[in-house]
Amino acid sequence: MEQYLRRTPRADLGERIAEAFRGRFSELVDEGRSPDEVFRALQEYAGGNEGPPTRQVAVLAVLSYYFERCDIFEDPEPA
């Protein structure tokens with residue numbers, strides 16, 4: 001994902017995607033959804049959970065990238 005974002009001619013693409021995820025995440029949290037429900041809804045937002053496995057893996061890769069690299073989601077509470 002990072003390699004794709006570096007190569008795209010749209011320099012702001014990565015940040016625009018992050019902003020979209022931030023907004024959707026905030027909406028879901030404000031609705032009082034559980035963490036599992038939030039993740040499932042973000043998965044749908046990113047492209048769904050249907051289709052061939054390659055599509056599902058791509059959706060999860062995008063979500064994983066933004067969970068790992070960006071500060072757009074809440075950090076988990078310490079156990």
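Guide: Start with a definition. A nonpolar patch joins side chains such as Leu and Phe within 5 Å, and each residue must have over 30% relative accessible area and no salt bridge. The model here is predicted.

Visitor: Which residues make the nonpolar surface patch?

Guide: Phe39, Leu60 and Phe67 make it, over about 230 Å².

Visitor: Why is phenylalanine 67 called partly exposed?

Guide: Its relative accessibility is 37%. The partly exposed class runs between the buried limit of 20% and the exposed limit of 50%. Phenylalanine 67 therefore falls in that class. Its 37% also passes the patch cut-off of over 30%. The residue sits in helix α4, residues 53–69.

Visitor: How many helices and strands does the chain have?

Guide: There are 4 helices and 0 strands. Along the sequence the pattern reads α-α-α-α.

Visitor: How do you know what span to expect of helix α2?

Guide: Take 1.5 Å times one less than the number of residues. Helix α2, residues 13–30, has 18 residues, and 26 Å is expected. From first C-alpha to last, α2 reaches 26 Å, close to that expectation.

Visitor: Which residues of α2 are buried?

Guide: Leu13, Gly14, Ala18, Phe21, Phe25 and Leu28. For each, that means under 20% relative accessible area.

Visitor: How do you know where on the helix the buried residues of α2 lie?

Guide: Look down the axis of α2. The directions to the C-beta atoms of its buried residues fall within an arc of 130 degrees, so these residues line one face.

Visitor: What covers the buried residues of α2?

Guide: The cover includes α1 (2–7), α3 (35–46) and α4.

Visitor: What comes just after α2?

Guide: Glycine 32 does, with a positive phi of about 80 degrees.

Visitor: What makes the pair of arginine 22 and glutamate 19 a salt bridge?

Guide: Their closest N and O atoms are 2.4 Å apart. The limit is 4 Å, so the pair qualifies. Both residues are in α2, 3 residues apart, which puts about one helical turn between them.

Visitor: Why does that spacing matter for direction?

Guide: An α-helix has 3.6 residues a turn, so residues three or four places apart point the same way.

Visitor: Are arginine 22 and glutamate 19 in one class of exposure or in opposite ones, buried and exposed?

Guide: Arginine 22 has 24% and counts as partly exposed. Glutamate 19 has 45% and is also partly exposed. Both values lie between the limits of 20% and 50%.

Visitor: What makes arginine 24 and glutamate 27 a salt bridge?

Guide: The N to O distance is 3.0 Å, and the rule asks for a value within 4 Å. These two are also 3 residues apart in α2, about one helical turn. Glutamate 27 is partly exposed at 44%.

Visitor: How do you know that arginine 33 and glutamate 31 are bridged?

Guide: Their closest N and O atoms are 3.0 Å apart. That is within 4 Å, so the pair meets the definition. Arginine 33 is partly exposed at 34%, and glutamate 31 at 47%.

Visitor: Which residues are joined into one network by salt bridges that share partners?

Guide: Arg10, Asp12 and Arg16.

Visitor: How many salt bridges does the rule give?

Guide: The count comes to 6.

Visitor: Why is glutamine 43 called buried?

Guide: Its relative accessible area is 7%. Buried means under 20%, so glutamine 43 qualifies. Its place is in helix α3.

Visitor: Which residues does glutamine 43 touch?

Guide: Beyond four places in sequence, Gly48, Asn49, Val59, Leu60 and Leu63. Each touch means heavy atoms within 4.5 Å.

Visitor: Why is glycine 47 called partly exposed?

Guide: Its value is 23%. The buried class needs under 20%, so glycine 47 stays outside it. Glycine 47 lies in the loop between α3 and α4. Outside its neighbours within four places, its contacts are Arg55 and Val59. Its C-alpha is 9.2 Å from that of leucine 60, 13 residues apart along the chain.

Visitor: What share of the chain counts as buried?

Guide: Of the 79 residues, 24%. The accessible surface comes to about 5800 Å², and carbon and sulfur atoms hold 50% of it.

Visitor: What share of contacts joins residues 24 or more positions apart?

Guide: 45% of the contacts with a separation of 6 or more.

Key. Residues numbered from 1 in each chain as written. Predicted model: local features only at pLDDT ≥ 70, side-chain atom pairs only at ≥ 80, totals over all residues. Heavy atoms only, no water. Patch = residues over 30% accessible without salt bridge, like charges linked within 9 Å, V, L, I, M, F, W, Y side chains within 5 Å. Areas by Shrake-Rupley, 256 points an atom, 1.4 Å probe, with all protein chains shown as cover. Salt bridge = Lys/Arg side-chain N within 4 Å of Asp/Glu carboxyl O. Buried < 20%, exposed > 50% of the residue type's maximum accessible area, 1.4 Å probe, protein only.
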